[in-house]
Each structure stands twice: as C-alpha cells, then as structure tokens.
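Here is a set of exercises to work through with the model open beside you. Try each task before reading its solution.

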Amino acid sequence: MTIGTAVSEADGRHWAEQLCIDGGPGVKTAIKALVRRLLAYSPDGRTAPVRERLATVSHRGRPYVPDHEGDLIFRLIADAGRPNCLEIGFGTGSTAAYMLAGIAALGEGHVTSIDFSADNFNHLGKALVGACESHTLIEENSNAVVPRLFGEGRRFDFVFVDGWKTFDHLTMEAYFLARMLTVGGAIMFDDAFMPSVHRVISLLKRFYDFKEVGYRDLGQGARLRLWLALIFRTSRRPYRALIKEHDIERMPVMNDWNFDARL
Ligand SMILES: C[S@@+](CC[C@H](N)C(=O)[O-])C[C@H]1O[C@@H](n2cnc3c(N)ncnc32)[C@H](O)[C@@H]1O
C-alpha cells in the first residue's frame, strides 16, 4: 500500500520513541525535531500544485502517496519524456495526479488507471482527478485488463504497479507489462519491501535485464534514504523503479528454458 504522509509521520514518531535517550521528554522532542529538520525532504517545485490539491482532500488513513514518491513518478515521466502511462491501483488517485502532472509538463500523453474497486477508494480518486481527456479509469480486475491491453497491442512508456501484490498475480502481470513497456520505458513498484514485490523486481533485473534507475539523479539522495530507513526500519526501499534496456527478444528470459532454476 502506498504510505500516506500521515502514516509516515506516525511511524516517524514510533522510531523516535524507540531511541534510548536520557534527559526526559523535552530532550527527546528536541532531538526528534532536529532529525526531522536535517532529513526533511525538499519537494520538487513543479509538483507544488499536486501537493496543494492533495492537502485539501486527503482523508486520514487512506493511501495517499508521499511527496518524495510522487516526485519520483513525476520526474520519471516529465524529465525523461515518457508520455504514455499506465497504473495498476488507482485508489485515491494521488499517484494518477502526479502522473497527470508529468504528462502536463511534457505537453502530451495519456494516463490509464486500472482499479476494480468502485466502492473502495475510486470515488476519492475520481473526486481528486476529475474527468479529463488525458485520463482513463478502467474499473475491472487487473488480471483481466492487463492481458487484454497486451492483446490489443498497447504500449506504455511508464507503468506504476500498486494493485494486488501476491507473487503469482504480480509475476503474471510482469510478463505482460515487460512486453508492453517501450525500450527505455520505466516500471515502478510500490511496497517494494514486500517479499513478493522484491522477488518480482529481482526477476526483472536478473532475467529481463531491467536496470534500476539512478535514484540520486532523480532527487532521491542519501538524506531521504536515511529517513526512509528510520521510518520503515529496513534498508529496503519502499518503492523502486526499473528501466527496460532492450527489446524482449534480447533478454536472458527468452534464451534460457530453465532460467527459473536460478531464481
Ligand atoms: C494502495 S491502493 C492504490 C493507491 C494509489 N496508487 C495512490 O497512491 O493514490 C491499491 C488499489 O489497488 C486496487 N486493487 C487491488 N487489487 C486489484 C486488482 N486485482 N485489480 C484492480 N485493482 C486492484 C485496490 O482497489 C486499491 O484501490
């Protein structure tokens, strides 16, 4: 699940409370404030309208994307010229909002979102994003939609994966998504610390030859990395993005019947 700002802050308080610091609550509060200030993320100025909009509509406890993750989505689209975008898991619409900001900065493009749950969060997403020509929401199970888009010969330059995350489901979708992605296209996974997501990322890196993006060059430097490690208490990134470097025919997975033996 995408972790919203409110949840992140709660987690931040949690780790800070684990610090064994003598000196009473005043000292702890001061240290927490200092750490927060030192590690504070500076958002991309170009995404300010998205953040302002999100600040007015966010519902506590709902999955809204944090600034730093939204900025990575925006940069992967706007700075690298990836106009045709797909997301699995529309929900509150916050990730779609960053994607739409990305194509708006490019001056072209389209965002297709898939989410089967009209009653879960989609109403929030629809209220956030509104009806616009550059966005299509498909309210069906992604296990039917993704193969169908592949069958229709659709191609995407950027894919954001934030739907159902069991290994079997993700592996099935990764098969189609890897083939629908244009060469030079990017695929980004939310909840990358989940073992199932981590395994699918490994599959794409090892056997599809996908390369991890250079996070530092995309505004995801060491301070943010440390902050995320403190919040989530793991060195694994909460979200990751990979680039498709070659056409599928040139990938190891197409030339080794038994590649899975090495998984
Ligand atoms: C974490 S939310 C997405 C949040 C959204 N990306 C954001 O940050 O604004 C996950 C969404 O995936 C949807 N979902 C889960 N499994 C799905 C499936 N198999 N097909 C379609 N949608 C699915 C859920 O309905 C839920 O709205």
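## Exercise 1: Pairing along strand 7

Ile187 stands opposite Leu242 in strand 7. Bear in mind throughout that this is a predicted model.

**Task.** Find how many bridges join strand 5 to strand 7, and in which sense the two strands run.

**Solution.**

- Start from strand 5, which covers residues 181-190, and strand 7, which covers residues 239-243.
- A second pair can be placed beside Ile187 and Leu242: Asp190 has Tyr239 as its bridge partner in strand 7.
- Going up in number from Ile187 to Asp190 on one strand goes with going down from Leu242 to Tyr239 on the other.
- That fits the full result, in which 5 bridges join the two strands and they run antiparallel.
- Now turn to the other neighbour of strand 7: strand 6 pairs with strand 7 over 2 bridges, again in the antiparallel sense. Here the bridge partner of Lys211 in strand 7 is Ile243.
- Finally, look at the surroundings of strand 7. Since 4 of its 5 residues are buried, strand 7 is largely enclosed by the rest of the structure.

## Exercise 2: Laying out the sheet

**Task.** Write down the strand order of the sheet and say which strands are at its edges.

**Solution.**

- Exercise 1 supplied one end of the layout, with strand 7 paired to strand 5 and to strand 6.
- Elsewhere in the sheet, strand 1 and strand 2 are joined by 5 bridges in the parallel sense; for example, Leu86 has Thr112 as its bridge partner in strand 2.
- The whole order is 3-2-1-4-5-7-6, in an open sheet of 7 strands with mixed pairing.
- The edges are strand 3 (135-138) and strand 6 (211-212), each of which pairs on one side only.
- One helix to add to the drawing is helix 8 (residues 167-180), which packs on the sheet and touches strand 1 (84-88), strand 4 (156-161) and strand 5. The direction of helix 8 makes about 145° with that of strand 5.
- As for burial in strand 2 (residues 110-114), 4 of its 5 residues are buried, making it mostly covered.

## Exercise 3: Two helices compared with expectation

**Task.** Check the lengths of helix 5 and helix 8 against 1.5 Å a residue, then list their buried residues.

**Solution.**

- Helix 5 has 13 residues, for which 18 Å is expected; the distance from its first C-alpha to its last is 19 Å, close to that value.
- Helix 8 has 14 residues and should span 20 Å, and its end C-alpha atoms are 20 Å apart, which agrees.
- Helix 5 is mostly covered, with 10 of its 13 residues buried. They are Ser94, Thr95, Ala96, Ala97, Tyr98, Met99, Leu100, Ala101, Gly102 and Ile103.
- After helix 5 comes Gly107, with a positive phi near 85°.
- In helix 8, the buried residues are Leu170, Glu173, Ala174, Leu177, Ala178 and Met180. They pack against strand 1, helix 7 (142-151), strand 4, strand 5 and helix 9 (195-207).

## Exercise 4: The nonpolar core

**Task.** Which residues have the most contacts inside the largest nonpolar core, and which helix gives the most to this core?

**Solution.**

- The background is that nonpolar side chains tend to be buried together in soluble globular proteins.
- Here the largest nonpolar core holds 55 residues, and Met99 and Met188 have the most contacts inside it.
- Helix 5 (residues 94-106) contributes the most, with 7 residues.
- Beyond its neighbours within four places in sequence, Met188 is in contact with Ile73, Leu76, Phe160, Val161, Tyr239, Arg240 and Ala241.

## Exercise 5: Positive phi in two loops

**Task.** Place Asp191 and Asp209 in the chain and decide whether they are buried, partly exposed or exposed.

**Solution.**

- Asp191 lies in the loop between strand 5 and helix 9. Its phi is positive, about 55°, although Asp191 is not a glycine.
- Asp209 is in the loop between helix 9 and strand 6, and its phi is near 60°, also positive in a non-glycine residue.
- A residue needs 20 or more C-beta neighbours within 10 Å to be buried, and 12 or fewer to be exposed.
- Asp191 has 18 such neighbours, so it counts as partly exposed; Asp209 has 17, so it is partly exposed as well.

Methods:
Residues numbered from 1 in each chain as written. Predicted model: local features only at pLDDT ≥ 70, side-chain atom pairs only at ≥ 80, totals over all residues. Pairing = 2+ DSSP bridges. Contact = placed C-beta atoms within 7 Å. Axes fitted to C-alpha atoms, helices over the stretch in contact; angles between N-to-C directions. Core = buried A, V, L, I, M, F, W, Y, C linked by C-beta atoms within 7 Å. Expected span 1.5 Å × (residues − 1).
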